[in-house]
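Ready for a few exercises at the viewer? Open the structure, try each task yourself, and then follow the worked solution.

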Amino acid sequence: MDGPGPGTAPARRMSQDIFKLREMYRTLNKSCFILGASGETGKVLLKEVLKSRLFSKVTLIGRRKLTFENTMYEDVIQELVDFEKLDDYASAFQGHDVGFCCLGTTKGKAGVEGFIRVDHDYVLKSAQLSKAGGCTHFLLQSSKGADTKSSMLYPKIKGQVEAAIEELNFYRYSIFRPGILMCDREESRPMEWMARKVLAPVAYMFPTAITIPVTVVVKAMLNNVVLPLEKKAELFHNKDIHELGHLGDTKEK
């Protein structure tokens with residue numbers, strides 16, 4: 001299977017009172033973990049998670065400790081793990097209600113084997129351990145074009161890990177397939193930088209076509225968390241993510 005099938009169209013949810021749902025969710029005393037909090041999406045996600053106050057406990061799971069200057073991060077828990085020996089760190093994945101996975105690298109940075117190890121093996125093993133640890137809602141940042149049958153490595157691996165996690169049968173599993181992420185990466189990725197510059201006019205004229213701001217992806221994830229379950233496995237394409245991420249824009253708190 002190339003994925004969980006057609007996703008729940010955010011348009012059908014526009015009538016939901018997103019602000020009331022957020023308030024209700026805050027009373028549930030939920031906890032979450034974030035994988036990949038040092039990456040471009042992950043660090044924005046962490047900031048928005050803390051600003052949203054949706055979770056009573058927020059845990060980062062990563063290979064190194066992150067440092068923060070702002071006091072808003074003072075209650076964030078950090079679990080340091082060796083991704084090559086994740087079974088030895090199963091306790092880090094226990095007791096979380098929601099899991100956000102923004103873990104990933106590139107073939108250019110890690111090589112073919114390194115890319116597969118991070119984007120497939122680490123992600124899948126983390127999902128397995130979080131499921132065993134009690135996580136009920138797993139949210140995966142994947143990529144536009146993910147396809148198990150693709151002849152290209154990147155979309156093929158993304159599709160394979162999507163399908164493998166679906167087999168774990170989480171109570172709720174949400175896949176996000178954003179287009180080209182519009183952000184200013186601290187990490188050097190020359191081809192992405194060039195693509196963003198070339199596509200900037202396209203993003204302005206056709207904002208939901210092939211690009212998406214990281215902030216919109218993050219807000220879509222958080223809105224998805226509080227919305228009622230309609231389908232155990234949800235697949236959000238770029239346009240869906242735009243719609244879901246903009247829910248509540250007219251009445252920000």
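## Exercise 1: Asp17

Asp17 has a relative accessible area of 37%, so this residue is partly exposed. Keep in mind as you work that the model is predicted.

Task: Work out why Asp17 is called partly exposed, then locate Asp17 in the chain.

Solution:
1. Buried means under 20% relative accessible area and exposed means over 50%.
2. The 37% of Asp17 makes it partly exposed.
3. Along the chain, Asp17 sits in the segment before helix 1.
4. Now look across the fold: Leu227 is 210 residues away from Asp17 in sequence, yet their C-alpha atoms are 9.3 Å apart.

## Exercise 2: The cores

Task: Find the largest nonpolar core and say which helix gives the most to this core.

Solution:
1. Start with the count: the largest nonpolar core has 39 residues.
2. Select Leu45, Val49, Phe55 and Phe100, which have the most contacts inside this core.
3. Next, colour the elements that each supply at least two of its residues, among them helix 1 (18-26), helix 2 (40-52), strand 4 (98-101) and helix 6 (214-226).
4. Helix 6 contributes the most, with nine residues.
5. Zoom in on Phe100: leaving out residues up to four places away in sequence, its contacts include Cys32, Leu45, Val49, Phe55, Leu139 and Met221.
6. A separate, second core has 25 residues, including Phe93, Leu124 and Tyr173.

As background, nonpolar side chains in soluble globular proteins tend to be buried together.

## Exercise 3: Two helix pairs

Task: Decide how helix 2 lies against helix 6, and how helix 3 lies against helix 4.

Solution:
1. Helix 2 packs on helix 6 at an angle of about 50 degrees, and their axes are 9 Å apart.
2. That angle makes helix 2 oblique to helix 6.
3. The crossing of this pair is right-handed.
4. Display the contact: helix 2 brings residues including Val44, Leu45 and Glu48, while helix 6 brings Val218, Lys219 and Met221 among others.
5. Sorted by type, the residues of the contact between helix 2 and helix 6 are seven nonpolar, three polar and three charged.
6. Turn to helix 3 (residues 107-132) and helix 4 (residues 153-166), whose axes cross at roughly 10 degrees and come within 9 Å.
7. Angles under 35 degrees count as roughly parallel, and helix 3 and helix 4 are therefore roughly parallel to each other.
8. Among the residues that meet here are Phe115, Ile116 and Val123 of helix 3 and Ile157, Val161 and Ile165 of helix 4.
9. The contact of helix 3 with helix 4 has twelve nonpolar, two polar and three charged residues.

Note on methods: Residues are numbered from 1 along each chain as its sequence is written. This is a predicted model: local features need pLDDT of at least 70, side-chain atom pairs count only at pLDDT 80 or more; totals for chains, interfaces and linings use all residues. Side-chain values use heavy atoms; hydrogens and water are left out. A nonpolar core is a set of buried Ala, Val, Leu, Ile, Met, Phe, Trp, Tyr and Cys residues joined through side-chain atoms within 4.5 Å. Buried means under 20% relative accessible area, exposed over 50%, partly exposed in between (1.4 Å probe, protein chains only). Helices (H or I, at least four residues) and strands (E, at least two) are DSSP runs, numbered from the N terminus. Contact means heavy atoms within 4.5 Å. Axes are lines fitted to C-alpha atoms, for helices over the stretch in contact, and angles run from 0 to 180 degrees between N-to-C directions. Angles under 35 degrees count as roughly parallel, over 145 as roughly antiparallel, 65 to 115 as roughly perpendicular and the rest as oblique. A crossing is left-handed if the near helix is turned anticlockwise from the far one by less than a right angle, and right-handed if clockwise. Ala, Val, Leu, Ile, Met, Phe, Trp, Tyr, Cys and Pro count as nonpolar, Asp, Glu, Lys and Arg as charged, and the others, Gly among them, as polar.
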